[in-house]
Amino acid sequence: MQKNFSHVFEGKIWNIESEINGAYLVIEVRNENTFETSFFVYDPRRSALSPNFLTLDESWWVGITHVAGDIIVFHTFQDAENPQEKNYEAVNIKSGKVAWKMSEVSFTEYGSTYLRGFRQNEPVVIDVLNGEPLNELDLIPTIENNGLMYPFHYVPRSSYHNTVQAFLDSSGMNSDKAYGIDYLETLELVLISFYYKNQGLENRL
């Protein structure tokens, strides 16, 4: 095996997202000393990072949501104490400009040309390139990966949330009841992602 790429970042590599067709990678690096988050684009064809990393107005409470074509969709948190309320900002990596912004929306499906979700409890489908509404008939289906399993998301005060919350309490895991819980059950394992308020808000698995 031959090494193709190596780089030392100033901070922790927090997340790596692939462009939906595998054209490039976006690397999220968080520096806990300066409370700054930087995003780098890695081109596997050249085995190199782009010369300029991406910066946003929000420098800490920000992360990657989806990468498709020349568009990187970022999320920022409306409230640092509530990780479920997000704003979205799409950046075109070729121009370096913001393509669109959106708030009060929750995305549930991420395609190569579209995003699907809910906005104020109404279903919505938007063009990932410009954020404009799309007709369902114009969608290009996402290639399904049958090896992926997704958890159920249980919102606070729902019956399933109460059941899983009771299990966490009985196991001494101290989940915060004000936040949602992600739950995945397989043949051999139960995986639960929940929030715990310590000195700050912690996401525990």
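A salt bridge is a side-chain nitrogen of Lys or Arg within 4 Å of a carboxyl oxygen of Asp or Glu. The exercises below concern a predicted model.

**Exercise 1. Determine whether the side chains of aspartate 169 and lysine 177 form a salt bridge, and describe the exposure of each residue.**

Solution.
Step 1. The N to O distance between the side chains of aspartate 169 and lysine 177 is 3.5 Å. The cut-off is 4 Å, and the pair is accordingly a salt bridge.
Step 2. Aspartate 169 has a relative accessibility of 36% and therefore counts as partly exposed.
Step 3. Lysine 177 has a relative accessibility of 53%. Exposed means over 50%, so lysine 177 counts as exposed.
Step 4. For context, a search of the whole structure finds eight salt bridges.

**Exercise 2. Describe the open sheet that contains strand S10, and locate the salt bridge between arginine 116 and glutamate 109 within it.**

Solution.
Step 1. The sheet consists of three strands in the order S9-S10-S11, with antiparallel pairing.
Step 2. Strands S9 (105-110) and S11 (122-127) stand at the edges; each has a single partner strand, so one side of each lacks a neighbour in the sheet. From one strand to the next, the twist averages 30 degrees.
Step 3. Five bridges connect S9 with S10 (residues 114-119), in the antiparallel sense. Across this pairing, glutamate 109 stands opposite arginine 116 of S10.
Step 4. The side chains of these two residues, arginine 116 and glutamate 109, also meet in a salt bridge, at 2.9 Å from N to O. Side chains of opposite charge can pair when their charged atoms come close.
Step 5. Arginine 116 is partly exposed at 22% relative accessible area, and glutamate 109 is partly exposed at 29%.

**Exercise 3. Identify the salt-bridge network that includes aspartate 43, and state whether aspartate 43 is buried or exposed.**

Solution.
Step 1. The network links Asp43, Arg45 and Arg46.
Step 2. Within it, the side chains of aspartate 43 and arginine 46 meet at 3.3 Å, N to O.
Step 3. The relative accessible area of aspartate 43 is 13%. Because buried means under 20%, aspartate 43 is buried.

**Exercise 4. Compile the surroundings of threonine 37 and of histidine 75.**

Solution.
Step 1. Threonine 37 belongs to strand S3 (residues 36-43) and is buried, with a relative accessible area of 7%.
Step 2. The side chain of threonine 37 makes a polar contact with the side chain of arginine 30 at 3.3 Å. The threonine 37 side chain also reaches the backbone oxygen of tryptophan 60, at 3.5 Å.
Step 3. With neighbours within four places in sequence left aside, threonine 37 is in contact with Glu28, Val29, Arg30, Ser59, Trp60 and Val62.
Step 4. Histidine 75 lies in strand S6 (residues 71-79) and counts as buried at 11% relative accessibility.
Step 5. The side chain of histidine 75 makes a polar contact of 2.8 Å with the side chain of threonine 65. Beyond four places in sequence, histidine 75 touches residues including Trp61, Ile64, Lys86 and Tyr88.

**Exercise 5. Establish how many residues form the largest nonpolar core and which elements contribute two or more residues to it.**

Solution.
Step 1. In soluble globular proteins, nonpolar side chains tend to be buried together.
Step 2. Here, the largest nonpolar core has 13 residues, and Val73, Trp100, Phe107, Leu115 and Ile126 have the most contacts inside it.
Step 3. Two or more residues each come from S6, S7 (82-92), S8 (98-103), S9 and S11.
Step 4. Isoleucine 126 illustrates the packing: among the residues touched by isoleucine 126, beyond four places in sequence, are Trp100, Met102, Phe107, Leu115 and Leu134.
Step 5. Another core, apart from the largest one, has eleven residues, among them Phe39, Leu56, Val62 and Val67.

**Exercise 6. Trace the pairings of strand S14 with S13 and S15.**

Solution.
Step 1. S13 (residues 181-185) pairs with S14 (residues 190-197) in the antiparallel sense over four bridges. One bridge joins leucine 184 to leucine 191 in S14.
Step 2. S13 and S14 form a hairpin, with four residues between them.
Step 3. S14 also pairs with S15 (residues 201-204), antiparallel and over four bridges. Here, phenylalanine 194 has arginine 204 of S15 as its bridge partner.
Step 4. The hairpin from S14 to S15 runs through three residues.

Technical notes:
Residues are numbered from 1 along each chain as its sequence is written. This is a predicted model: local features need pLDDT of at least 70, side-chain atom pairs count only at pLDDT 80 or more; totals for chains, interfaces and linings use all residues. Side-chain values use heavy atoms; hydrogens and water are left out. Buried means under 20% relative accessible area, exposed over 50%, partly exposed in between (1.4 Å probe, protein chains only). A polar contact is a pair of N or O atoms within 3.5 Å; within protein, one must be able to donate a hydrogen and the other to accept it, and residues adjacent in sequence count only if both atoms are side-chain atoms. Contact means heavy atoms within 4.5 Å. Two strands pair if DSSP finds at least two bridges between them. Axes are lines fitted to C-alpha atoms, for helices over the stretch in contact, and angles run from 0 to 180 degrees between N-to-C directions. A nonpolar core is a set of buried Ala, Val, Leu, Ile, Met, Phe, Trp, Tyr and Cys residues joined through side-chain atoms within 4.5 Å.
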